[in-house]
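User: Could you take a close look at the ligand site for me and then show me how it fits into the rest of the chain? I'd like one connected walk-through, in plain bench language.

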Amino acid sequence: MKKVIIPTALDSIAKDTLEKHGGYVVIQLPKCDLAQVLRDNPDTHALIVRSEKVDAAMLDSCPGLKVIVRAGAGYNTIDIRHARKNGIDVMNTPGANSNAVAEEVIALLLADARHLVPADASCRAGKWEKSSFMGRELSGKTIGIVGLGHIGQLVAKRLAGFEVKLLGYDPFISADKAQSLGVTLTTLPELFAAADAVTLHLPENDETRGMIGTSLLGAMKPGATLVNCARAGILDEAALRAAKAANPTLRFLNDVYAKDAEGPKSIADVADIMLPHLGASTHESNHKAALLAAQELIDRDDKGITSAVVNRDIPAGLDPAFARLANIVARLCRVLLGEAASPRLVEARIYGELKPFSDWLLTPVAAALAPDYDTSLDRRHTLAFLAEKGIDYLDRPVDETKKYTSSFTLDITANTAARTLAKASVRGTVEEGNLLISRINDFDKLYVEPSGPFVAFTYDDRPGVLGRIAATLAEAGHNIEDVRNPHSPSDNTSLALLKLDKPASDELVAKIAALISSRHALHIVF
Ligand code: NAD
């Protein structure tokens, strides 16, 4: 059993999902001294945190720790470099709370433009100061978005309905993507000088810390608004104070602080609206982030899917669907070979756009080959781990003339119980986000989606076999959801591959295998 500690009031769906999956003991402590908890639980496998600080000393005190999942986007509260040094993967759940933050930005802009906070207080106090609260409209204004990632892009989409002109700055976004969002890309100085409102959506890192400083803030128009719902560290507070002194009509709307804690805030004198870091504080985003955190942990532990890891040198663009595909292809090869077979040689062929990710596809393959594999191992250690089990893993050159776009083929040669060699070969691909198995051994062009329970039988080709399989499944109360039945004329074999509504029992598969004299029978739940 792997011990998981959730030292925060995260939505209970994380705990429930891990417990339902099995293999995890989850301790959730909505309020605790995390440093003490880690010292008391040195065998903790994973931590799921929100904005709790995790420093080097805490990491050193917990030698069993393998994973930290940040249920949220920003991970500047975690010492990710020290975590890497200790072999700990840090993962985040980007996107889970993006909509909550994007809506908060719009709430702040509108609340400020229409004086909602002071007007409510005044009206409540029995006053009628209508003329003091003359507002402004968003429509027709120019809004600058700095950082067009998950949140910045959603802000652009949500603002589109207000008929504003959108400017954007993000060196990592393509012009096509910006155009599809209705955003005109520009330089940072031009954006600050032209915008009626600027909203910040950058990560805090060595490059962005203090990035919004004197010259940018000094260039803002009178009456312009700056919104920071990203991270306090990206904004130079002293420069903002000076800019407000020089340009008193500048507005500043803030959600983020150097430290999330009670007590006076240094930014208070320059903030026109300040919130206690409420960006992600919606029921919906808490639920989404908690669920995703649990699913990512399970995928990493069971399948070696590391696409959400932020402290390994993973090349940008690795779609988790491909890591999932590599795991499924390897599992299917294992099932084809049978439980008693011991893999000896694993040959991967990685085609098209997937090629740069060969190192990262090894992890999900190794996870399928060996249940005791530690998915935090890098390529070198993974190869050594497999070699210790007598398995050679090779990335084979591919036949470029085949022009496969992004596909992954695995050939596994294994020793069988009868001390003979057996081979399984499976190819898969991802089309429009859907995983597809395109070939199993000699049966090509299958294009079947590996999800849910399947049964498969190979048999000497002759009429009527598929009908007998279907009738026996129906008698046992199974509904068939999908079928492939290709032939291999070279050895007169057919494959019946059927997707079922629920998993078939060992007895039922054995009964059908005997009935049709199948050469090979298997069942698998993807
Ligand atoms: P993201 O990683 O999806 O997007 C960040 C974007 O910034 C990326 O597109 C990246 O290309 C861009 N970027 C990086 N360095 C840059 C630079 N030097 N100049 C310009 N652009 C640069 O992140 P996200 O999920 O959109 O989060 C954005 C920020 O919001 C983060 O700081 C995160 O911590 C913060 N956040 C705040 C709250 C809150 O409660 N207020 C909640 C969630 C996230």
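Analyst: **The ligand site and the charged pairs**

C229 puts a backbone N or O atom 3.0 Å from a nitrogen atom of the ligand. That makes a polar contact, meaning a pair of N or O atoms within 3.5 Å (inside the protein, one has to be able to donate a hydrogen and the other to accept it, and sequence neighbours count only if both atoms are side-chain atoms). Before going on, a word on ground rules: this is a predicted model, where local features need pLDDT of at least 70 and side-chain atom pairs count only at pLDDT 80 or more, while totals for chains, interfaces and linings use all residues. Residues are numbered from 1 along each chain as its sequence is written, and side-chain values use heavy atoms, with hydrogens and water left out.

Back at the ligand, G149 also joins in through its backbone, with an N or O atom 3.2 Å from a ligand oxygen. D255 uses its side chain instead: an N or O atom there is 3.0 Å from a nitrogen atom of the ligand. On its own the ligand exposes 860 Å², and the protein buries 88% of that (Shrake-Rupley areas with a 1.4 Å probe; for residues, only the protein chains shown count as cover).

Who else is around? The shell holds 26 residues, and those that come nearest are H150, I151, D170, L202 and C229; to be near, a residue needs a heavy atom within 4 Å. Sorted by type, the shell has 13 nonpolar, nine polar and four charged residues. In this scheme Ala, Val, Leu, Ile, Met, Phe, Trp, Tyr, Cys and Pro are nonpolar, Asp, Glu, Lys and Arg are charged, and the others, Gly among them, are polar.

Zooming out, the chain splits into domain 1 (2-96 + 284-303), domain 2 (98-274) and domain 3 (332-520), with bounds from an automatic or database assignment. The centres of domain 2 and domain 3, over C-alpha atoms, sit 52 Å apart. The chain has 17 helices and 22 strands, taken as DSSP runs numbered from the N terminus (helices H or I, at least four residues; strands E, at least two).

Now the charged pairs. There are 29 salt bridges, each a side-chain nitrogen of Lys or Arg within 4 Å of a carboxyl oxygen of Asp or Glu. In one of them, R519 meets D460 with the closest N and O atoms 2.5 Å apart. That pair ties together distant parts of the chain, 59 residues apart: R519 is in the loop between α17 (506-515) and β22 (520-525), D460 in strand β18 (residues 453-460). R519 is partly exposed at 46% relative accessible area, and D460 is partly exposed too, at 37% (buried is under 20%, exposed over 50%, partly exposed in between; 1.4 Å probe, protein chains only).

Elsewhere, shared salt-bridge partners join R84, D89, R300, D301 and R312 into one network. Within it, R84 and D89 bring N and O to 2.9 Å; R84 is partly exposed at 25%, whereas D89 is buried at 0%. D89 also pairs with R300, closest N and O atoms 3.0 Å apart. This link runs from strand β5 (residues 89-92), home of D89, to helix α12 (residues 283-303), home of R300, 211 residues apart. Both D89 and R300 are buried.
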